[in-house]
Every structure is written in C-alpha cells, then in structure tokens.
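Please open the model in a viewer and keep the sequence at hand. The tour below proceeds by selection, with a short account of what is found at each stop.

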Amino acid sequence: ETTILGSLDALKQASLLGLASLSPAERPGALWLIYRGDASRTAVVLLDGRTRESVAAPVYQTTIAAQPGLAAHEVFPEAALSRFATHVPLDEAMAAGKAVSVPYADPERGAPFIVLAVEVPGPVVDGVEQPWVVAVERSLRRLNERFAEAADEGLTAFLTALDGRVV
C-alpha cells in the first residue's frame with residue numbers, strides 16, 4: 001500500500017510539468033518523462049477530463065529498448081490498451097484530484113496491474129480551466145513476487161479486487 005500511495009504522490013508531480021502549456025508535439029515528450037520516472041509504469045496517457053478523449057498519444061513500449069530509463073520497464077502490447085482504458089478511474093480522479101483503480105489481471109502478460117490517475121491543469125477556455133487527467137498503468141508484478149516469497153516462508157498473501165476476487 002505504501003508503495004502504491006508513494007507512486008500516486010510521485011505521479012501528482014506531473015501537475016508541475018505544465019502540460020497545457022506544451023504544444024501537441026511536445027506533450028508526448030512530457031509523457032515519456034513521466035513513464036521513465038518509475039520502471040513499474042507500463043503505459044501513460046493524458047486524457048481530457050470532460051470529453052474522456054486522449055489529448056496525446058499514449059506512451060508505452062511494445063518491445064523494450066536498451067536505453068537507460070527504458071530497459072527496466074515491462075512490455076505493453078497494443079492489445080492491452082483497451083484493458084488499461086477500461087480501468088482508468090477518471091471520474092474518481094476528477095472528483096478527488098487523484099485515484100487508484102481496483103487491481104486487475106492481464107492473463108496475456110501474466111501479472112496484476114492497477115491504474116493511477118491524477119488531475120492536472122488543462123487549457124483555459126473562456127476563462128475556465130479545462131481539467132486533464134494523467135493516467136498510468138502500474139505493474140504489480142514485483143508485489144506478486146513478494147507474495148511468492150512469503151509463500152516460500154509458509155505465509156499466505158493474496159491480492160484481491162474489491163469484490164474479494166483473487167487477482
């Protein structure tokens with residue numbers, strides 16, 4: 001839990017990037033900065049909080065680059081985009097400023113994930129700031145590995161969704 005809340009607070013720093021002041025061509029670069037900030041991030045997207053549409057193309061790696069800041073990330077296949085999109089807690093982030101989705105499994109990638117979302121300032125239109133949301137899919141693979149280590153020590157731990165279903 002501490003790791004997830006720390007990740008959410010770190011993501012909140014995205015509001016300092018001034019995303020709305022960047023040109024459409026510059027925004028993907030800012031999203032790559034966010035992505036590179038944590039190896040457990042598998043994808044990043046910037047959404048319009050009102051229309052729910054993407055403001056910039058999502059960033060992720062379908063194959064892992066060897067460059068520093070990219071090599072430790074996990075592969076994110078394009079097929080995972082729809083699963084990621086359905087788990088973005090957009091309404092909750094708009095209401096509270098930040099939100100965490102329920103955990104979900106991706107059988108193709110063999111790991112559990114969550115989506116972190118934070119509201120960031122968007123452009124001002126007719127004197128009213130339009131809210132944007134930065135959403136990040138975060139892998140819980142390392143947490144899963146810690147659960148496996150606990151099992152080796154005779155302990156039992158499960159990652160569950162809100163309905164009690166084991167993820």
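## First stop: a loop residue

Select R52, which counts as partly exposed because its relative accessibility is 47%. The model in view is predicted. R52 is found in the loop that joins β1 and β2. Its phi is near 70°, which is a positive value in a residue other than glycine.

Next, select D126, in the loop between β5 and β6. Here too the residue is not glycine and phi is positive, with a value near 55°. Is D126 buried or exposed? With a relative accessible area of 78%, D126 is exposed.

## The whole chain

Now display the protein chain as a cartoon. Five helices and six strands can be traced in the chain. Followed from the N terminus, the order of these elements is α-α-β-β-α-α-β-β-β-β-α. The chain has 167 residues, of which 40% count as buried. Among contacts with a separation of 6 or more, 56% are made by residues 24 or more positions apart. If a surface is shown, about 8800 Å² of the protein chain is exposed, and carbon and sulfur atoms supply 55% of that area.

## The nonpolar cores

Hide the surface and turn to the interior. In soluble globular proteins, nonpolar side chains tend to be buried together. Select I34, V44, V120 and V134: within the largest nonpolar core, which has 22 residues, these four touch the most other members. At least two residues of this core come from each of α1 (2-12), α2 (27-36), β1 (41-48), β2 (54-60), β5 (111-125) and β6 (128-139).

Centre the view on V44. Which residues does V44 touch, leaving aside those up to four places away in sequence? They are L31, I34, Y35, P58, V59, V134, A135 and V136. Another core, of 18 residues, lies apart from the largest one; A80, A117, V133 and A135 are among its members.

## The aromatic rings

Show the aromatic side chains next. The count of aromatic pairs comes to four. One of them is formed by W32 and Y35, which meet edge-to-face, with 5.2 Å from centre to centre and 80° between the planes. W32 and Y35 are separated by about one helical turn, because they stand three residues apart in helix α2. The two differ in their accessibility: W32 is partly exposed, with a relative accessible area of 28%, whereas Y35 is buried, at 0% relative accessibility.

Move on to Y60 and F76. Their ring centres are 4.9 Å apart and their planes lie at 50°, so this pair is tilted. Why does the pair tie together parts that are 16 residues apart in sequence? The reason is position: Y60 belongs to strand β2, while F76 lies in the loop between β2 and α3 (81-86). Both Y60 and F76 are buried. Add F84 to the selection, and the cluster that ring pairs form from Y60, F76 and F84 comes into view.

## Last stop: a charge over a ring

Finally, select R109 and F113. R109 lies over the face of the F113 ring, at 3.9 Å from the ring centre.

Key. Residues are numbered from 1 along each chain as its sequence is written. Side-chain values use heavy atoms; hydrogens and water are left out. A nonpolar core is a set of buried Ala, Val, Leu, Ile, Met, Phe, Trp, Tyr and Cys residues joined through side-chain atoms within 4.5 Å. Buried means under 20% relative accessible area, exposed over 50%, partly exposed in between (1.4 Å probe, protein chains only). Helices (H or I, at least four residues) and strands (E, at least two) are DSSP runs, numbered from the N terminus. Contact means heavy atoms within 4.5 Å. Rings of Phe, Tyr and Trp (its six-membered ring) pair if their centres lie within 6.5 Å; planes under 30 degrees apart count as stacked, over 60 as edge-to-face and the rest as tilted. A charge sits over a ring if NZ of Lys or CZ of Arg is within 6 Å of the ring centre and within 35 degrees of the ring normal. Accessible areas come from the Shrake-Rupley method with a 1.4 Å probe; for residues, only the protein chains shown count as cover.
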